[in-house]
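I am opening a notebook on a structure that is new to me. I want to write down what I look up, one entry at a time.

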Amino acid sequence: MNRWLLCIGALLLSFSAALLAQQVTYDGHEFDNEQQRRTYEALIKELRCPKCQNQNIADSNAPLAEDMRERAYQMVMAGQSKQQVIDYMVARYGNFAHYKPPFNAFTAVLWLAPLVIALAGIIIALRLSRKRSQPVALSDEEQRELAQLKERSKHD
């Protein structure tokens, strides 16, 4: 009986040691803790591949995206914050590398263009609807021709 208890105890100890030694992994990378993994995951979903058409570096297979993922991993493991990694990527690849570019003189068009286009569309739609709602004025000759057409259609 003591042998069985000893075996079960040893087995439980080996399982707990294996669980403690297990590191957090994601995307083929190992992390020291869950916070680092979450930071890395958020970064690769928030950073855009400069080579791809509107695709984040998590989904891109481009060599540039792989390099960006690797650099983000190295920076997270070095203890840098999410914002520090984003700042580095923006400094290296430009504002296009981040899905949420800051509002400044260079990115004002990105932020304001949709508003300007929407306002222009509303103004055009209002002007066109006002023109259609106004009655068309007929000249005297056109009114006589219309009256004649109405008379003919009554007799036919």
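The entries below go from the whole chain to single residues, and I keep in mind throughout that the model is predicted.

**Entry 1: the whole chain**

I began with the secondary structure and found six helices and two strands in the chain. Reading along the sequence, I noted their order as α-β-β-α-α-α-α-α. I then looked up burial, and of the 156 residues of the chain, 21% count as buried. For the surface, I wrote down an exposed area of about 12100 Å², of which carbon and sulfur atoms supply 59%. I also looked up how far contacts reach along the sequence: among those between residues at least 6 apart, 40% join residues at least 24 apart.

**Entry 2: salt bridges in helix α2**

How many salt bridges does the count come to? I found four by the rule used here, and I followed those of Arg37 before turning to Lys45.

Arg37 forms a salt bridge with Glu34, with their closest N and O atoms 2.5 Å apart. Both residues lie in helix α2 and are three residues apart, about one turn of the helix. Arg37 also forms a salt bridge with Glu41, where the closest N and O atoms are 2.6 Å apart; this pair lies in helix α2 as well, with a spacing of four residues, again about one turn.

I then moved on to Lys45, whose side chain meets that of Glu41 in a salt bridge at 3.2 Å, N to O. Lys45 and Glu41 are both in helix α2 and are four residues apart, about one turn of the helix. Put together, Glu34, Arg37, Glu41 and Lys45 are linked in a network of salt bridges.

I checked the burial of three of these residues. Arg37 counts as buried because its relative accessibility is 15%, and the cut-off for buried is under 20%. Glu34, at 32%, counts as partly exposed, and Lys45, at 44%, counts as partly exposed too.

**Entry 3: Gln36, in the same stretch of sequence**

I looked at Gln36, which has its place in helix α2. Is Gln36 buried or exposed? Its relative accessibility is 13%, so Gln36 counts as buried. Leaving aside neighbours within four places in sequence, I found Gln36 in contact with Phe31, Val76 and Met77.

**Entry 4: Arg48 and Cys49**

I went next to Arg48, in the loop between α2 (34-46) and α3 (63-77). Arg48 is buried yet has no salt bridge, and the nearest side chain of opposite charge, that of Glu46, is 10 Å away. A salt bridge needs the nitrogen and the carboxyl oxygen within 4 Å. Which side chain does the side chain of Arg48 make a polar contact with? I found that of Asn54, at 2.9 Å. Not counting residues up to four places away in sequence, Arg48 touches several others, among them Gln55, Met68, Phe96, His98 and Tyr99.

Cys49 is in the loop between α2 and α3, and at 0% relative accessibility Cys49 counts as buried. With residues up to four places away left out, I listed the residues that Cys49 touches as Gln55, Asn56, Ile57, Ser60, Ala62, Ala65 and Phe96. Cys49 and Phe96 are 47 residues apart in sequence, while their C-alpha atoms are 8.3 Å apart in space.

**Entry 5: Ser81**

I looked up Ser81 in the loop between α3 and α4 (82-93), and at 34% relative accessibility Ser81 counts as partly exposed. From C-alpha to C-alpha, Ser81 and Thr39 are 8.1 Å apart in space, although 42 residues separate them in sequence.

**Entry 6: a nonpolar patch on the surface**

Which residues make the nonpolar surface patch of about 650 Å²? I noted Phe103, Leu110, Trp111, Leu112, Leu115 and Val116. From this group I looked more closely at Val116, which lies in helix α5 (residues 108-133). Val116 counts as exposed because its relative accessibility is 55%, and the cut-off for exposed is over 50%.

Notes
Residues are numbered from 1 along each chain as its sequence is written. This is a predicted model: local features need pLDDT of at least 70, side-chain atom pairs count only at pLDDT 80 or more; totals for chains, interfaces and linings use all residues. Side-chain values use heavy atoms; hydrogens and water are left out. Buried means under 20% relative accessible area, exposed over 50%, partly exposed in between (1.4 Å probe, protein chains only). Lys and Arg count as positive and Asp and Glu as negative; His and the chain ends are not counted. A polar contact is a pair of N or O atoms within 3.5 Å; within protein, one must be able to donate a hydrogen and the other to accept it, and residues adjacent in sequence count only if both atoms are side-chain atoms. Contact means heavy atoms within 4.5 Å. Patches are made of residues with over 30% relative accessible area and no salt bridge: like charges are joined within 9 Å, nonpolar side chains (Val, Leu, Ile, Met, Phe, Trp, Tyr) within 5 Å. Accessible areas come from the Shrake-Rupley method with a 1.4 Å probe; for residues, only the protein chains shown count as cover.
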